[in-house]
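Visitor: Hi, could you walk me through this one? I'm new to reading structures, so please spell out the terms as we go.

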Amino acid sequence: MGRPVRTLAPQWPYAETYYPGIYIAIDGLDGSGRTTLANEIHRQLQSHGYPSVVTGPFPSKKSQSQNTLNKHDRRVGPASRHLLYASFFAIVTQQMILPQLRAGYIVISDRSWISLHARAVAQGLSDTWVDTTMGFALQPDLVIEPAATPLAAARRKLSGADALDPLESVDMPEHLAGFLAFQERISSLLQPRRLQMPWRTVQNVSDFQEVAELVHVIESESEGFPS
Amino acid sequence: MTVHDHNSYQGRLIVAEGTDGSGKSTAISLLESWLAAQGVPVYRTAWNSSSFIKPIMRHVKKKEWLSPAAFSLLHASDFYDRYHRLILPRLEAGYVVLADRWVYTAWVRDSVRGLDLSWIQSLYQDVREPDLAIYFSAPPDIAISRLQHAARELKYYESGQDVSGLHDRWASFLWFQEKMRQAYLALADQGVLQLFDATLSITEQQKILRQWLQPVLEAQTASSSFFQGSPPISKTLLKGGL
């Protein structure tokens, strides 16, 4: 048995109904430290002997770089761009996440449907339409959010990139105020999910002890459903 | 987000649907030349032709990564890119848009691939309804002989091998085309598509299609006002037949 496959659209026709692994989503603001946190959880789990894997929103480096070209071009509109992200995430779900869960892995999703959805809605797309497009997506067994204020997220972004992402902005691409306003929107869109879903917040992704406590929770969960 | 009623735009949208090899692209191309020769502002668009999505489409199809959902979403991405950047501005400006496949291709193909039709239709909600949507009906053997005549190699997704489970590409293609033909015929029965006999000669087809187009385009005459000095679509011009 294991955990039931639960999808955003009820009864999405996947072949399997249960998986022995655990599906962990890392979601939060852009620049909140998701990747740092995902990699640290993965490292600690592996060092304790738990099989885990980190997946991103893209199925390959090539698809990611092609997407970046489109993003910088800025001519592709929000609906087409979101559908492209949704298609990539459908590939990742079918080709990577589900097979690994079926094999008993702890799958750490660096971005799940939750923040993909929030970004699309924050960019002006209809909530219900975006819901539809992500109907195939798995509901995570646990969501972990790196806590970050929009300003902290902007600072982290600017430490790793030349400029702020023009698509993560309201009205003023690459300006700090536009980025902050966009992250505020995302945060408010995440708020109801924080209350409805199994959700944990990490205050400091660089705090080894805080992450270790979270890893312990995941390991205890894993013991409940041995692969 | 501002919601626009794309059905109120003054341009005209003519859609050709049908299985591969049904002759719709040839017919569309001839209609485009006919309209353009008469000074009618016309624009042709084809399914799966966004220049931005194409390299991504090629990459993931080559990898054979696409589940039915991913396939559907990626083609919707292609559609919406063309829809917002290329098609809608022209419809709003009063062009005649000839579409070689429209959302019905997704309805038919993706439901044959096992996806829920209402889910597929929701992806394309609020998309402009055509003024004329024609289903080019041709039996599979004619369509296949046309494709074989073109000496074209079938591809994995085109032949439906991702869902048929058949190793032989032509056998899979035949199975897939027949499934789609049945789905198209159902849409024609429901009155969504206008059934057209695509087994006729190309010349005969054009005669009929031009007759079908006339009432659709005549209705546009009053509201069309194009490049300065250029005449609007008129009954006289459109009656210039073969």
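Visitor: How many residue pairs are in polar contact across the interface of chain B and chain A?

Guide: The rule finds 8 such residue pairs across that interface, counting pairs with both residues at pLDDT 80 or more. A polar contact is a pair of N or O atoms within 3.5 Å, where within protein one atom must be able to donate a hydrogen and the other to accept it, and residues adjacent in sequence count only if both atoms are side-chain atoms. Please keep in mind that this is a predicted model, in which local features need pLDDT of at least 70, side-chain atom pairs count only at pLDDT 80 or more, and totals for chains, interfaces and linings use all residues. Residues are numbered from 1 along each chain as its sequence is written, chains are lettered from A and ligands numbered from 1 in the order in which they are written, and side-chain values use heavy atoms, with hydrogens and water left out.

Visitor: Which elements of chain B give two or more residues to the side touching chain A?

Guide: They are α2 (54-63), α3 (68-93) and α5 (117-123) of chain B, and α3(B) gives the most, with 10 residues. Helices (H or I, at least four residues) and strands (E, at least two) are DSSP runs, numbered from the N terminus.

Visitor: Switching to rings, how many aromatic pairs are there over all chains?

Guide: A search of the whole structure finds 21. Rings of Phe, Tyr and Trp (its six-membered ring) pair if their centres lie within 6.5 Å, and planes under 30 degrees apart count as stacked, over 60 as edge-to-face and the rest as tilted. The rings of Phe79(B) and Tyr83(B), for example, have centres 5.3 Å apart and planes at 20°, so this pair is stacked.

Visitor: Where do Phe79(B) and Tyr83(B) lie?

Guide: Both lie in helix α3 of chain B, 4 residues apart, which is about one turn of the helix. Phe79(B) and Tyr83(B) are both buried, a word that means under 20% relative accessible area, with exposed over 50% and partly exposed in between (1.4 Å probe, protein chains only).

Visitor: And why are Tyr135(B) and Tyr184(B) called stacked?

Guide: Their ring centres are 4.9 Å apart and their planes are at 20°, so the pair is stacked. Tyr135(B) lies in strand β4 (residues 132-137) and Tyr184(B) in helix α8, both of chain B, so the pair ties together parts that are 49 residues apart in sequence.

Visitor: Is Ser172(B) buried or exposed?

Guide: Ser172(B) counts as buried because its relative accessibility is 0%.
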